[in-house]
Amino acid sequence: MIGYIEKGYGLHQMLAAQGIELRNVDGNWIANAPDELVSQLIADYNPWPSEKATKFAEIDQAFETAVSSLTAGWPQHEIQTWSKQEAEARAVAVNPDAPTPMLSTIAITRGLTVSELAQRVIRDADAFTAASAHFVGLRHKARQQVQALPDSGYDHRLAELFAIKFGG
């Protein structure tokens, strides 16, 4: 009888790499290798490095999805102008006579004053920064939770690792 302990998908990958197929049939684990060998491989397998790496990748992907939502629908070229627009907007907020070649052109084209546009740009930039910072904080928090878990042993704590979510 195989002594199966849930150690994540990496365990099954490790066994498969050795040509061992493990499956559950009516509540019993069977393999195409001797039970003693499979039980020993399962007992010796350290799931933490593989499962932590998988969790870090999952967190980072969720982070990328979240931050991408902040710029969804905006053309890349316009996004590339945001730092210039913000710099000009902040400069004109301090000194109304500051040169604003980009904002001036955008404002004239839109039928706004440079001051009105600068206020909008600053408002949007501050909102974007706050949202970005929030997502960065969520990413760091989730990664710290993963890092706080053990690197070996304590297999009963794997459920804690599996439960960690970006933003959760």
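**Helix faces, a hairpin and ring pairs**

Leucine 11 lies in helix H1, and it makes a handy way into this predicted model. With a relative accessible area of 0%, leucine 11 is buried. Leaving aside residues up to four places away in sequence, leucine 11 touches Tyr4, Ile5, Ile42 and Tyr45. Leucine 22 is eleven residues from leucine 11 in sequence, and the two C-alpha atoms are 9.9 Å apart in space.

One of those contacts, Ile42, leads on to helix H2, which spans residues 35–44. Here Val38, Ser39, Leu41 and Ile42 are the ones to look at, since each is buried. Viewed down the axis of H2, the buried residues fall within an arc of 160 degrees, so they line one face of the helix. Glu36 and Asp44, on the other side of H2, are exposed. As for partners, the buried residues of H2 pack against H1, E1 and E2.

Those two strands come next. Strand E1 takes in residues 22–25, and it pairs with E2 in the antiparallel sense over four bridges. Together E1 and E2 make a hairpin, with two residues between them. Across the pairing, arginine 23 stands opposite isoleucine 30 in E2, while asparagine 24 stands opposite tryptophan 29, also in E2. The turn itself has a backbone oddity worth a look. Most residues other than glycine have a negative phi. Aspartate 26 is not a glycine, yet it has a positive phi of about 55 degrees. Its place is in the loop between E1 and E2, and at 76% relative accessibility aspartate 26 counts as exposed.

A second case turns up further along the chain, in the loop between H6 and H7, where tyrosine 154 lies. Phi of tyrosine 154 is near 50 degrees, again a positive value in a residue other than glycine. Tyrosine 154 is exposed too, with a relative accessible area of 52%.

Back at the hairpin, tryptophan 29 also features in the ring pairing. The structure holds five aromatic pairs. In one of them, the rings of tyrosine 4 and tryptophan 29 have their centres 3.9 Å apart and their planes at 20 degrees; planes under 30 degrees apart count as stacked, so this pair is stacked. Tyrosine 4 sits in the segment before H1 and tryptophan 29 in strand E2 (residues 28–31), so the pair ties together parts that are 25 residues apart in sequence. The cut-off for buried is under 20% relative accessible area, and the two partners fall on either side of it: tyrosine 4, at 19%, counts as buried, whereas tryptophan 29, at 23%, counts as partly exposed. Tyrosine 4 is also among the residues that leucine 11 touches.

Another pair has a contrasting geometry. The ring centres of tryptophan 74 and tryptophan 82 are 5.5 Å apart with the planes at 80 degrees, so this pair is edge-to-face. Tryptophan 74 is partly exposed, with a relative accessible area of 43%, and tryptophan 82 counts as partly exposed as well, at 23%.

Then there is helix H3. H3 runs over residues 48–69, which makes 22 residues, and it reaches 31 Å from its first C-alpha to its last, close to the 32 Å expected at 1.5 Å a residue. Its buried residues are Trp48, Glu51, Lys52, Lys55, Phe56, Ile59, Phe63, Ala66 and Val67. They cover an arc of only 140 degrees around the axis, which puts them on the same side of H3. What do they pack against? The buried residues of H3 pack against three helices, namely H1 (9–17), H6 (114–147) and H7 (158–163).

Phe63, one of those buried residues of H3, has ring company of its own. Ring pairs link Phe63 with Phe135 and Phe166 into a cluster. A charge joins in as well: the charged end of arginine 139 sits over the ring of phenylalanine 63, at 5.8 Å from its centre.

Methods: Residues are numbered from 1 along each chain as its sequence is written. This is a predicted model: local features need pLDDT of at least 70, side-chain atom pairs count only at pLDDT 80 or more; totals for chains, interfaces and linings use all residues. Side-chain values use heavy atoms; hydrogens and water are left out. The expected span of a helix is 1.5 Å times one less than its number of residues. Buried means under 20% relative accessible area, exposed over 50%, partly exposed in between (1.4 Å probe, protein chains only). The arc is that of the directions from the helix axis to the C-beta atoms. Contact means heavy atoms within 4.5 Å. Rings of Phe, Tyr and Trp (its six-membered ring) pair if their centres lie within 6.5 Å; planes under 30 degrees apart count as stacked, over 60 as edge-to-face and the rest as tilted. A charge sits over a ring if NZ of Lys or CZ of Arg is within 6 Å of the ring centre and within 35 degrees of the ring normal. Two strands pair if DSSP finds at least two bridges between them.
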